[in-house]
Amino acid sequence: MQSQTQTTPPPRLEVRHLRRAFGDRQVVDDVSLTIQPGQVLCLLGPSGCGKSTTLRMIAGVDMQDSGEIYVDGKLICDTVFRIPPERRHIGLMFQDFALFPHLSVADNVAFGLKTSKDEKRARVEALLAKVNLGWAIDEFPHVLSGGEQQRIALARALAPRPRIMLMDEPFSGLDNRLRDEIRDQTLSLLKEEDTAVMLVTHEPEEAMRMADEIALMRHGKIVQQGAPYNIYNAPVDREAVGFFSDINVIRGVSKGALTDTPFGQFLTPGLADGAKVDIVIRPQHLKLDFDRDGKGPLPTASDGVAARGIVKRARFMGNESLVEFRMDYDGSELKVTVPNVFLPGEGTPLWLTIRRDRCFVFPAKD
Ligand SMILES: Nc1ncnc2c1ncn2[C@@H]1O[C@H](COP(=O)(O)OP(=O)(O)OP(=O)(O)O)[C@@H](O)[C@H]1O
């Protein structure tokens, strides 16, 4: 029988142990990641965490202190060997899309192409048709709107068929409604071209909307990586929960692998007696019930014990209402979101329960 060896193709982009310091600040600290063709990876993190520096090293406009970068399994840069940026087959898109003002749309899009005149024209026409801007081919950038200019910038970046597209907050200059439309169009075009995409953003909504995979970055390190659903539903720590939404934190102390809270007991295996515990829950995962002569709903297995709070403030937020409570048990504040309109008056007593399956239990860091 003939033996068959199956070889998996290498990732389109692979970054291994990338590090970069400015002075004594380690801005990128041992970052490793891979992106496959047609995959969108979002590097998500707060301002200053090292996202753009990582992107600049991959683009070749900054140099790492250590670590390697591979494209399709071939080394393109380590600390001794370095392929220059223009030979890396990497497209770039930034917030400031910087079209050349003195060139027509056609010449802007054709700028990076080194093919014959006819081939250039065909590629430009095909790309402009894909971004619905065929009519603008002979216009100059200044007559186009911001969204249109951004779509031209996308066409220009894609024209040379880059193997990888690096995008640094490319949509943040656009207004909300336009942004959603252009994000979706960009995404489908990038998928169609089978480009591997690294998108840098500090906006969780953008990452959730665009990413196949999110790499959550903090202080120069990737603290968690996975599909958006997993990052949202199985966060590694309290900060990771808080990066995506408001959070409520209920503090407890572990004893005998259990932590008592006003909402019932939680299992805290592996924690020493006396260790502080944070039970973290998003506002949409608490439930409200009316006060009946000082009594609330009976405990249940899924929702635990109810605790009473007094409404401090209620606001209508569009799709939901946000109700803030001062809790009877220790005066702490909890936030609850309720679908549609629910605006109880200040001072109203209500009973809160938490969905136990949506709680995250972490050892407290402070
Ligand atoms: N050339 C440089 N010299 C010195 N410090 C730098 C340099 N480039 C970046 N930094 C610093 O490194 C840190 C990380 O910067 P970087 O631009 O990578 O962050 P970021 O996560 O992309 O942030 P933002 O979302 O605000 O763009 C910042 O504190 C920045 O001031």
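So, secondary structure to start: the protein chain in this predicted model has eight helices and 20 strands. Put a box around the C-alpha atoms, along the principal axes, and you get roughly 85 × 60 × 50 Å. How much of the chain is buried? Of the 366 residues, 31% are. And if you take the contacts between residues at least 6 apart in sequence, 64% of them join residues at least 24 apart.

Let's go to the ligand, which I suspect is what you came for. Which residues surround the ligand? Walking along the chain, we meet Phe22 and Val27, then Gly45, then the run Ser47, Gly48, Cys49, Gly50, Lys51, Ser52 and Thr53, and finally His202. Which element gives the most to this shell? That's helix H1, residues 51–59, with three residues. If you like to sort by chemistry, the shell has seven polar residues, three nonpolar ones and one charged one.

Next, a pair of helices. Have a look at H4, residues 146–158, and H5, residues 176–192: their axes are 11 Å apart, and they pack at an angle of about 15 degrees. Because that angle is under 35 degrees, H4 counts as roughly parallel to H5. The crossing of the two is right-handed. If you want to select the contact on your screen, take Gly147, Gln150, Arg151, Leu154 and Leu158 from H4, and from H5 take Leu178, Ile182, Thr186 and Leu189. By class, that contact between H4 and H5 has five nonpolar residues, three polar and one charged.

Last stop, a single residue: Pro299. Where does Pro299 sit? You'll find Pro299 in the loop between strand S15, which covers 286–290, and strand S16, which covers 307–316. Is Pro299 buried or exposed? Pro299 counts as exposed, because there are 12 C-beta neighbours inside 10 Å, and the cut-off for exposed is 12 or fewer. Even so, there are contacts to point at. Setting aside the neighbours within four places in sequence, Pro299 is in contact with Gly264, Gly304 and Val305. Take Gly264 from that list: Gly264 and Pro299 are 35 residues apart in sequence, and their C-alpha atoms are 8.7 Å apart in space.

To recap, we've been through the ligand shell, with H1 giving the most residues to it, the roughly parallel pair H4 and H5, and the exposed Pro299. Thanks for listening, everyone, and please do spin the model around while we chat.

Definitions and conventions: Residues numbered from 1 in each chain as written. Predicted model: local features only at pLDDT ≥ 70, side-chain atom pairs only at ≥ 80, totals over all residues. Helix = DSSP H or I, 4+ residues; strand = E, 2+ residues; numbered from the N terminus. Buried ≥ 20, exposed ≤ 12 C-beta atoms within 10 Å, placed from the backbone. Contact = placed C-beta atoms within 7 Å. Near = placed C-beta within 6 Å. Nonpolar A, V, L, I, M, F, W, Y, C, P; charged D, E, K, R; others polar. Axes fitted to C-alpha atoms, helices over the stretch in contact; angles between N-to-C directions. Parallel < 35°, antiparallel > 145°, perpendicular 65-115°, else oblique. Left-handed = near helix turned anticlockwise from the far one by under 90°.
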